[in-house]
Amino acid sequence: MAKTEQANGLNMGVRKGSDPELNGSAEQVDKYGFTGGAQRYSGDNAEEIPIEVLREREAKWLEMLNSWDKWMAKKHKKVKERCQKGIPPSLRGRAWLYLTGGKVKREQNKRKFQELDNQPGDPKWVDIIERDLHRQFPFHEMFAARGGHGQQDLFRVLKAYTLHRPEEGYCQAQAPIAAVLLMHMPAEDAFWVLVQICEKYLPGYYSTKLVVTKLQGQDNQTIRLSKEKKTLFRPLTSTLNVQEAIQLDGEILYALLRRVSPVAHRHLKKHKLEPVLYMTEWFMCAFSRTLPWASVLRVWDMFLCEGVKILFRVGLVLLKYTLGSQEKLKSCQGLYETMELLRAIKTQYMQEGFLAHEIIALTVSEKDIEKEHHAQLRRWKETHGDLHCKSPPRMHGAKAIMKAEPPSRQDLKQMPTIIVKSPLAPKTDEEPAEAERESRKTEEKKQNKMIVPPEETVNPYPSPSDPSPLLKPLTIQGSKESLSSAEHDTYL
């Protein structure tokens, strides 16, 4: 990391009072790694799972990961159900790696990330990425320090992607996606999962080819901004630069809303509120900047298993419960009031338990999305012509990705392999027979007074005191600079 920092000029400045050790007191950190300033990410309202249930789920997931191809081929429904319940925190990173096909990509492209990491990168993208680093979850302990290990890894992952896909470069919405991944896995794994999300789950979302879209009915309109009894006026732009893929998905969301909540659909239509105005950040950041953190993780567990339909379901649930009744719309009589309501959705509709239940209960399938996608594509060609950016077809979740690119057993092999006997697994007749054979061998050795030299074993986990030629010493900077809570990210 020190090499990357030196090569790319990562800012290692110090802001007085940003280091808890220098201040003499440390901010309280919740179980997700967020400090007290991150009220929206607080884990206080997360569902508590009994430790016995958690250990049982961990055993089940370890069993699945050890035979991933068989489970995906024959028991995918069970994998989906376990993702809906929530992946155990201790195995979430590894599960995401397997669900997305990132594990297979990594094995098939060994040393690729290291090669990209060692390259300097395009100065244009390097400069933009460096300016975005401090905006990503500044209240998380991993990214709070300017130039800290979290920001360094985030820089490495995003820079590597610009080299991996130079025709796409860097999109600012990729930064929060990569940051969430880095909270759960090493940089190399995060890179390959990011590649899969950009290319398989959300193709075309992060393309640098933007299209200028005219917003209907917004010409020369002004909106009122009220804050602490101060009233300001500013013109509302009549055009918006967004990716074609996002515009199409916005129209799909709007069309699906007609079926899910006719009241909300009529309200948005009445005020000519274009979908791209409220769903762009939702979808491009996979709700990581919108929901409480416990809900973010549950949504991602389902999203990486089942695909983009989960993002559509989340958006539909939020719109339905925010704008879905006349009672709720009484205080929402205009475009601005509607936007403000969607920017500050009530916490009760975003809580982990409620949201997960509504997502699972909502019957919006891949077929529904694909059917509406083709309909919107026809309308697009009639009004705009052919798409400027032709993206590869979207893969609807882990099963579709594995079917399109069947992995070998070697690609899925874990190093070292972890074998855990589930307490729920039935005992076979082979176990007592094996024990009897071992007992007989031991008795024979005693009778013949045989001395058997112990087999030499290799410890896959050397102790910290053992020198390893594979590991290079890391230099961790003690002085760190935190982001002020007054700074905000306004990239969308």
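This is a short talk about two helix pairs and the cavities in the structure above.

Okay, hi everyone. Before anything else, keep in mind that we're looking at a predicted model.

Let me start with how one talks about helix pairs. When two helices pack, we describe them by the angle between their axes and the distance between those axes.

So, first pair: α6, which covers residues 92–100, and α12, residues 187–201. Their axes sit 9 Å apart, and the packing angle is about 40 degrees. Roughly parallel would need an angle under 35 degrees, and roughly perpendicular starts at 65, so α6 and α12 count as oblique to each other. As for handedness, α6 goes past α12 in a left-handed crossing.

Who's actually touching whom? On the α6 side you'll find Trp96, Leu97, Leu99 and Thr100, and they meet Asp189, Val193, Gln196 and Tyr201 of α12. Sort the residues of that contact by class and you get 5 nonpolar, 2 polar and 1 charged.

Now, hang on to α6, since we need that helix again for the cavities. The structure has 3 cavities of at least 30 Å³, and the largest has a volume of about 110 Å³. Which residues lie nearest the centre of the largest cavity? Those are Tyr98, Gly101, Val104, Ile401 and Met402, out of 16 lining residues. The elements giving two or more residues to that lining are α4 (68–74), α6, α7 (102–108) and α22 (398–404). And α6 gives the most, with 4 residues. By class, the lining of this largest cavity comes out as 11 nonpolar, 3 polar and 2 charged residues.

Right, on to the other helix pair: α13, residues 244–260, with α17, residues 309–323. Here the angle is about 55 degrees, and the axes are 10 Å apart. That makes α13 oblique to α17. The crossing of α13 past α17 is right-handed.

If you want to find the contact on the screen, look along α13 for Asp249, Ile252, Leu253, Leu256, Leu257 and Val260. Facing them in α17 are Phe312, Gly315, Leu316, Leu319 and Lys320. The class split for this contact is 8 nonpolar, 1 polar and 2 charged.

So, what to take home? α6 has two roles in this talk: α6 packs against α12, and α6 also gives the most residues to the lining of the largest cavity. For the crossings, remember left-handed for α6 past α12, and right-handed for α13 past α17. Thanks, that's me done.

Technical notes. Residues numbered from 1 in each chain as written. Predicted model: local features only at pLDDT ≥ 70, side-chain atom pairs only at ≥ 80, totals over all residues. Heavy atoms only, no water. Axes fitted to C-alpha atoms, helices over the stretch in contact; angles between N-to-C directions. Parallel < 35°, antiparallel > 145°, perpendicular 65-115°, else oblique. Left-handed = near helix turned anticlockwise from the far one by under 90°. Contact = heavy atoms within 4.5 Å. Nonpolar A, V, L, I, M, F, W, Y, C, P; charged D, E, K, R; others polar. 1 Å grid on protein atoms, 1.4 Å probe; cavity = no way out; pocket = protein on both sides within 12 Å on 5 of 7 lines; lining within 4 Å. Points joined across faces, edges and corners; volume = space filled by probe spheres on them.
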